[in-house]
Amino acid sequence: MAIGFFDKTIAGSIGLIPKPIIRRVASRYVAGETIEEAIEEAERLNADGYRVTMDLLGEAISTMAEADAITATYIQILDTIQAHGIDSNISVKPTAVGLASSPVDLERNVRLLALHAAASGNFVRVDMEASPTTDDTIAVVRRLREAGHDNLGWVFQATLHRTRADLEALAAVGPNLRLCKGVYLEPEAIAWQSYDDINASYVDLLRYLLPRRDHFVGIATHDDPMADAAEAIISELGLTPDQYEFQVLLGVRPELRERLRDAGHKVRVYVPYGRAWHAYCVRRLEENPKFAGFVTRDVLRNPGMLLGDQSKR
Ligand code: FDA
């Protein structure tokens with residue numbers, strides 16, 4: 001699916017959209033500004049039969065003091081999850097918790113999070129950002145897993161040509177990973193560009209990963225052909241729900257997550273929250289014109305969103 005004129009035009013005009021409108025749009029995709037709002041959202045999702053992963057919004061960190069503060073907030077999030085008995089792990093952006101400064105700082109903070117999460121039997125997913133961060137992110141998680149922190153997992157992006165080789169190199173570490181298409185616009189030299197090529201790569205990686213019984217695979221997609229392909233492989237292999245789960249973003253195609261849940265799969269919903277919701281939404285919209293198109297089409301289909309209907313369903 002090529003990025004259309006419509007999407008590019010919308011993406012180029014994001015700065016012109018009034019903040020209250022972005023806020024209404026964001027309310028579908030972001031749980032709120034506070035941990036209390038995120039916990040309420042997680043409780044609703046748990047009651048509906050979904051697992052959760054919580055993401056504290058706060059990208060573009062420039063100082064270690066900020067990265068340490070975000071790490072400390074994630075520690076509080078883990079404590080709050082435990083106190084409320086919620087089925088949720090956490091997802092952290094490498095640059096937000098240290099990589100913007102150095103891989104050593106990332107390693108220190110992710111180790112802290114892994115240790116804290118382990119005390120309550122919880123898990124830390126390290127998101128994957130744009131390609132300049134891939135080597136360091138993979139290496140840091142690898143070192144920590146090899147040091148025994150097996151409650152840590154990676155994310156791999158089907159858009160990148162390198163992903164299959166990365167997975168093969170990590171096979172012995174018993175990876176726990178999320179497979180997504182990849183949200184960053186990457187150069188042609190290192191990444192598939194077309195919808196068909198990205199999908200072919202995604203299915204190829206599913207075919208490589210799902211038969212590996214010592215791997216746990218988070219199948220992160222909202223694309224019906226990808227979900228269908230995954231379901232076909234799962235059924236072919238006779239996998240049980242402890243070997244994989246589907247993962248979706250809050251507010252995106254809720255009918256898909258319902259269908260997957262009702263078919264007996266475990267489904268985890270990614271719940272972003274925090275005061276940085278505006279920067280997060282604007283960056284998502286600017287970085288990926290396709291995303292701008294999705295959101296705008298959604299608003300056109302659900303104009304109530306702009307009038308105060310903030311339902312995430
Ligand atoms: P595709 O892009 O083809 O979209 C399929 C359909 O889903 C679209 O036609 C549209 O209807 C809908 N859709 C998809 N995304 C939407 C959106 N944001 N808003 C509204 N509608 C949308 N990426 C990354 O690079 N690093 C990461 O760590 C993560 N982490 C992550 C976690 C989880 C739980 C999910 C679901 C996704 C990510 N991603 C990510 C994002 C991922 O790489 C990808 O950009 C989006 O999920 C879109 O890809 P799809 O597989 O949904 O297919």
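**Aromatic pairs and strand E6**

Phenylalanine 246 is a good place to start, everyone: this residue is buried, with a relative accessible area of 0%. Before I go on, please keep in mind that we are looking at a predicted model.

So what does phenylalanine 246 pair with? Its ring pairs with that of tyrosine 244, with the centres 6.1 Å apart. The planes of these two rings stand at 85 degrees, and because that is over 60, the pair counts as edge-to-face. Tyrosine 244 is buried as well, at 3% relative accessibility.

How many aromatic pairs does the structure hold? There are two. The other one joins tryptophan 154 and phenylalanine 156, whose ring centres lie 6.2 Å from each other. Here the angle between the planes is 40 degrees, and the pair is tilted. As for accessibility, tryptophan 154 is buried with a relative accessible area of 0%, and phenylalanine 156 is buried with 2%.

While we are on rings, have a look at tyrosine 50. The charged end of arginine 257 sits over that ring, 4.9 Å from the centre.

Now to the strands. Strand E7 covers residues 244-249, and it pairs with E6 in the parallel sense, over four bridges. If you want a spot to zoom in on, find alanine 220, which stands opposite glutamine 247 in E7. Between the two strands we have a β-α-β unit: E6, helix H9 (residues 224-237) and E7 make it, and it is right-handed.

What about strand E5, residues 176-180? E5 is joined to E6 by four bridges, and these two strands also run parallel. On this side, the one to click on is asparagine 176, whose bridge partner in E6 is phenylalanine 216. Again there is a right-handed β-α-β unit, made by E5, helix H8 (residues 195-209) and E6.

That leaves E6 itself, residues 216-220. Is this strand largely enclosed or open, and why? It is largely enclosed by the rest of the structure, because five of its five residues are buried. And which residues point which way? Phe216, Gly218 and Ala220 point one way from the strand, while Val217 and Ile219 point the other way. Residues on both of these sides are buried.

To pull the strand part together: E6 runs parallel to E5 and pairs in the parallel sense with E7, with H8 in the unit with E5 and H9 in the unit with E7. Thanks for listening, and I'm happy to rotate the model for anyone!

Conventions
Residues numbered from 1 in each chain as written. Predicted model: local features only at pLDDT ≥ 70, side-chain atom pairs only at ≥ 80, totals over all residues. Heavy atoms only, no water. Phe/Tyr/Trp six-rings, centres within 6.5 Å; stacked < 30°, edge-to-face > 60°. Buried < 20%, exposed > 50% of the residue type's maximum accessible area, 1.4 Å probe, protein only. Lys NZ or Arg CZ within 6 Å of the ring centre and 35° of its normal. Pairing = 2+ DSSP bridges. Right-handed = clockwise from strand over helix to strand, strands pointing away.
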